[in-house]
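This report describes selected parts of one protein chain. It covers strand pairing, one loop residue, aromatic pairs and model confidence.

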Amino acid sequence: MPTLFVVATPIGNLSDISPRALETLQNVSLIAAEDTSHTIKLLNHFEIKTHMISYHKYNESERASSIISKMLDEDIDVAIVTDAGTPCISDPGYDLIAAARENGINVIGVPGACAAVTALSISGFPVDRFAFYGFLERDKKESLAQLKRIEANEVENIIIYESPFRIIDTLQSINDALDCKVCICNDLTKLHESTYSAHISEALEYMKSNANAEKGEYVIIIHKESLPQSESKSNAVEVCPEALIVNEMITNGITAKDAVAKLKKETTYSKKELFAASLRLKELFCDDEDDE
């Protein structure tokens, strides 16, 4: 039975390719490459002469079928590679791998470079849990909707990719939607690799002033700071709304109505809940006056 090898390639520094990846690319009968003109540079560097065929997002479905047929008919092994990093991680590969599994073909991963994991490892954030979103939607409204879903996601760390031409717009959207820190990684493993970590508002201003912002590819790690804030709010919810209203009235010398309006903005209680609490306070005060 033939085997499909899913081979990770360097994201910049050619020295990051593994001996096993080189051996695999040398020994398979065919390499399915996202861009043959790009992969040929890698193969030439390591003097690998294996035949290639293009396999990219515009021909995935059609080409997957022909590759699988060739593997089965000729009993040959094939490797799939993308321009950089690990196939299927915001890159082509799914159709071919799924088709291989459906046809009983062995699928073996040859691990290596991955921009998402590399950026995560150097972010300086606690990364026990993370989610990968790839590229955000190009439409402004849709990308903001995605960021709202990210805000609701309980996972503290979110990884996204971005092009140099959209980096400022994306950071602006993040700033509009989230209270967070970010680690911005540019051209990982390459000569001019850089990282910048700060609160999103500071990072946005830094990138706006960076003359080289529109160069190289980006990975952004979003570390949400809203989690501790929400935890403190959840602790505040344990205090009954009547007590909160009375505290606001005494502390700020305001009416119960104004206290309700203020607390609606600062707590998780709804206006209806706070209004009901103010009515209960009014009834309590009236009862006290009647007792006298």
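In this predicted model, Ala32 of strand 2 has Ile80 of strand 4 as its bridge partner. Strand 2 and strand 4, the latter spanning residues 78-81, run parallel to each other and are paired over 4 bridges. Strand 2 also pairs with strand 3 (residues 52-54), again in the parallel sense, over 3 bridges. In that pairing, Ala33 is opposite Ser54 of strand 3. Between strand 2 and strand 3 the chain passes through helix 2 (residues 36-45), and the resulting β-α-β crossover is right-handed.

The side chains of strand 2 (residues 30-33) alternate in direction: Leu30 and Ala32 point one way, Ile31 and Ala33 the other. Residues on both sides of the strand are buried.

Thr9 belongs to the loop that joins strand 1 (3-7) to helix 1 (19-27). Is Thr9 buried or exposed? Its relative accessibility is 4%, so Thr9 counts as buried, the cut-off being under 20%. The side chain of Thr9 comes to 3.4 Å from the backbone oxygen of Thr82. Beyond four places in sequence, Thr9 touches Leu42, Val81, Thr82, Asp83, Ala84, Gly85 and Ala113.

The aromatic pairs of the model number 3. Two of them are listed here.

| Pair | Distance between ring centres | Angle between planes | Geometry |
|---|---|---|---|
| Phe132 and Tyr161 | 5.1 Å | 70° | edge-to-face |
| Phe135 and Tyr161 | 5.7 Å | 70° | edge-to-face |

Phe132 lies in strand 6 (residues 130-135) and Tyr161 in strand 7 (residues 157-162), so their pair ties together parts that are 29 residues apart in sequence. Phe135 is also in strand 6, and its pair with Tyr161 of strand 7 ties together parts 26 residues apart in sequence. Ring pairs join Phe132, Phe135 and Tyr161 into a cluster.

Within this cluster, Tyr161 is buried, with a relative accessible area of 10%. Phe132, at 33% relative accessibility, counts as partly exposed. Phe135 counts as partly exposed at 38% relative accessibility.

As to confidence, the average pLDDT over the chain is 89, and 92% of the residues score at least 70. Where does pLDDT stay under 50? This is the case over residues 226-237, for which the model has 9 contacts beyond four places in sequence.

Technical notes. Residues numbered from 1 in each chain as written. Predicted model: local features only at pLDDT ≥ 70, side-chain atom pairs only at ≥ 80, totals over all residues. Heavy atoms only, no water. Buried < 20%, exposed > 50% of the residue type's maximum accessible area, 1.4 Å probe, protein only. Helix = DSSP H or I, 4+ residues; strand = E, 2+ residues; numbered from the N terminus. Pairing = 2+ DSSP bridges. Right-handed = clockwise from strand over helix to strand, strands pointing away. pLDDT = per-residue confidence, 0-100. Contact = heavy atoms within 4.5 Å. Polar contact = N/O pair within 3.5 Å; in protein donor to acceptor, adjacent residues only side chain to side chain. Phe/Tyr/Trp six-rings, centres within 6.5 Å; stacked < 30°, edge-to-face > 60°.
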